[in-house]
Amino acid sequence: MKTVFIDCSPKKKLSASGFIMGVTSVFVRGIKKKEKLITIADHERITGEISDADTVVFSMPLYVDGVPSHLLPFLKKMERFCHDHNKDINVYVIANNGFIEGKQNEPLMQVMENFCERSGIKWCGGLGIGGGVMMNVMRILLVVFLGIALLRTLLSGISEGTFFQAWPWVIYGKQILEILVLGCGVIIFDIWLAVCINRKKEYGKHYTRIMLPSFLFIICTDIFFTVISVIQGGIFKGWLSKKEPTL
Ligand SMILES: Cc1cc2nc3c(=O)[nH]c(=O)nc-3n(C[C@H](O)[C@H](O)[C@H](O)COP(=O)(O)O)c2cc1C
């Protein structure tokens with residue numbers, strides 16, 4: 001069984017779509033191929049991978065309540081490809097969005113379902129995840145907390161003469177658990193999706209979110225975007241600078 005995972009986020013790094021796709025692929029058996037779809041130059045390579053695949057998993061962000069526009073030319077190409085080659089393929093979708101409610105992804109799921117019907121391929125369902133930005137917050141926190149645990153081990157080693165202290169790692173273990181609680185909805189629905197991919201079964205449509213109250217979610221994302229803007233060239237410089245399209 002061959003599964004092609006397509007990360008459809010236009011972000012070159014730190015995309016939530018890529019992260020969720022990576023987590024899903026861990027639970028999927030058989031040959032796995034991960035692809036990144038940003039420009040037209042990627043189309044040929046990806047359709048080549050799809051030609052001998054049983055399953056395609058699209059992982060994408062929600063843009064303006066729909067499918068990102070750079071994906072549409074690829075869907076057209078894939079529709080033609082599947083018609084021409086009479087391809088029998090299963091399609092699953094993982095969508096994530098900026099707002100906290102995963103249900104916001106419903107119009108995107110409908111677009112993808114219609115695409116499958118028109119292309120004569122099998123729509124197997126999708127997972128919509130609210131609060132996608134928290135994926136980045138969660139993985140950055142994991143690395144930051146790991147750094148703090150290492151620093152604590154080093155400092156207590158220097159001051160007490162023993163480098164095998166358990167307490168920094170007990171604290172780190174608790175921090176990992178707290179982060180997993182935030183993402184427990186995503187993890188459970190994701191494993192369920194992987195089970196359906198393995199069994200080639202229909203998944204239906206399911207929606208989940210980051211397990212954080214909305215008012216805390218807004219504070220966390222505001223802090224995250226402010227820090228990222230500063231790192232990427234200053235708050236106003238980052239927002240107002242001209243960006244070249246990557247087509
Ligand atoms: C152009 C654009 C349009 C967006 N439209 C929506 C939207 O309609 N609803 C929403 O909840 N989030 C929207 N978002 C937020 C993204 O869905 C969100 O940041 C997502 O986590 C990005 O995923 P990625 O890191 O995989 O690219 C939009 C973001 C951009 C850049």
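Here are five short exercises on a predicted model, each with a worked solution.

**Exercise 1. Overall make-up**

State how many helices and strands the protein has, and what share of its residues is buried.

Solution.
- Start with the elements. The protein has nine helices and six strands.
- Next, take the extent. Along the principal axes, the C-alpha atoms fill a box of roughly 70 × 45 × 35 Å.
- Then turn to burial. Of the 247 residues in the protein, 47% are buried.

**Exercise 2. Strands β1 and β2**

Find how strand β1 is joined to strand β2, and which handedness the unit with α1 has.

Solution.
- Locate the strands. β1 covers residues 2–7 and β2 covers residues 31–36.
- Look at the direction and the bridges. The two strands run parallel, with six bridges between them.
- Pick one bridge. Ile-6 has Glu-35 in β2 as its partner.
- Add the helix. Together, β1, α1 and β2 make a β-α-β unit, and this unit is right-handed.

**Exercise 3. Strand β5 and its neighbours**

Work out which strands are bridged to β5, and whether Gly-125 is buried or exposed.

Solution.
- Place the strand. β5 spans residues 122–130, and Gly-125 is found in it.
- Take one partner. Strand β4 (residues 90–97) runs parallel to β5, and eight bridges join the two. In one of these pairings, Ala-95 has Gly-128 of β5 as its bridge partner.
- Take another partner. Strand β6 (residues 204–209) also runs parallel to β5, joined by six bridges. Here Gly-126 stands opposite Lys-205 in β6.
- Include the helix. β4, helix α4 (residues 106–119) and β5 make a right-handed β-α-β unit.
- Test Gly-125 against the cut-off. Buried means under 20% relative accessible area. Gly-125 has 1% relative accessibility, so it counts as buried.
- Widen the view to the strand. Eight of the nine residues of β5 are buried, so the strand is mostly covered.
- Finish with a distance. Glu-113 is twelve residues from Gly-125 along the chain, and their C-alpha atoms are separated by 7.7 Å.

**Exercise 4. The second largest pocket**

Describe the volume of the second largest pocket and the residues that line it.

Solution.
- Begin with the volume, which is about 240 Å³ for the second largest pocket.
- Go to the lining. It has 15 residues, and the closest to the pocket centre are Phe-19, Val-23, Met-138, Leu-180 and Ile-187.
- Sort the lining by class. Twelve residues are nonpolar, one is polar and two are charged.
- Trace the lining to helices. At least two residues come from each of α1 (16–26), α5 (133–160), α6 (167–182) and α7 (184–199).

**Exercise 5. Aromatic pairs**

Classify the ring pairs Phe-189 with Trp-192 and Phe-224 with Phe-225.

Solution.
- Know what to look for. A pair of aromatic rings is described by the distance of the centres and the angle of the planes.
- Count the pairs. The model has five aromatic pairs.
- Classify Phe-189 and Trp-192. Their ring centres are 5.8 Å apart and their planes stand at 25 degrees, so this pair is stacked. Both residues lie in helix α7, three residues apart, about one turn of the helix.
- Check exposure. Trp-192 is partly exposed, at 40% relative accessibility.
- Classify Phe-224 and Phe-225. Their ring centres are 5.5 Å apart with planes at 65 degrees, so this pair is edge-to-face.
- Check exposure again. Phe-224 is buried at 12% relative accessibility, whereas Phe-225 is partly exposed at 46%.
- Close with the cluster. Phe-189, Trp-192 and Tyr-203 form one aromatic cluster.

Terms used
Residues numbered from 1 in each chain as written. Predicted model: local features only at pLDDT ≥ 70, side-chain atom pairs only at ≥ 80, totals over all residues. Heavy atoms only, no water. 1 Å grid on protein atoms, 1.4 Å probe; cavity = no way out; pocket = protein on both sides within 12 Å on 5 of 7 lines; lining within 4 Å. Points joined across faces, edges and corners; volume = space filled by probe spheres on them. Helix = DSSP H or I, 4+ residues; strand = E, 2+ residues; numbered from the N terminus. Nonpolar A, V, L, I, M, F, W, Y, C, P; charged D, E, K, R; others polar. Phe/Tyr/Trp six-rings, centres within 6.5 Å; stacked < 30°, edge-to-face > 60°. Buried < 20%, exposed > 50% of the residue type's maximum accessible area, 1.4 Å probe, protein only. Pairing = 2+ DSSP bridges. Right-handed = clockwise from strand over helix to strand, strands pointing away.
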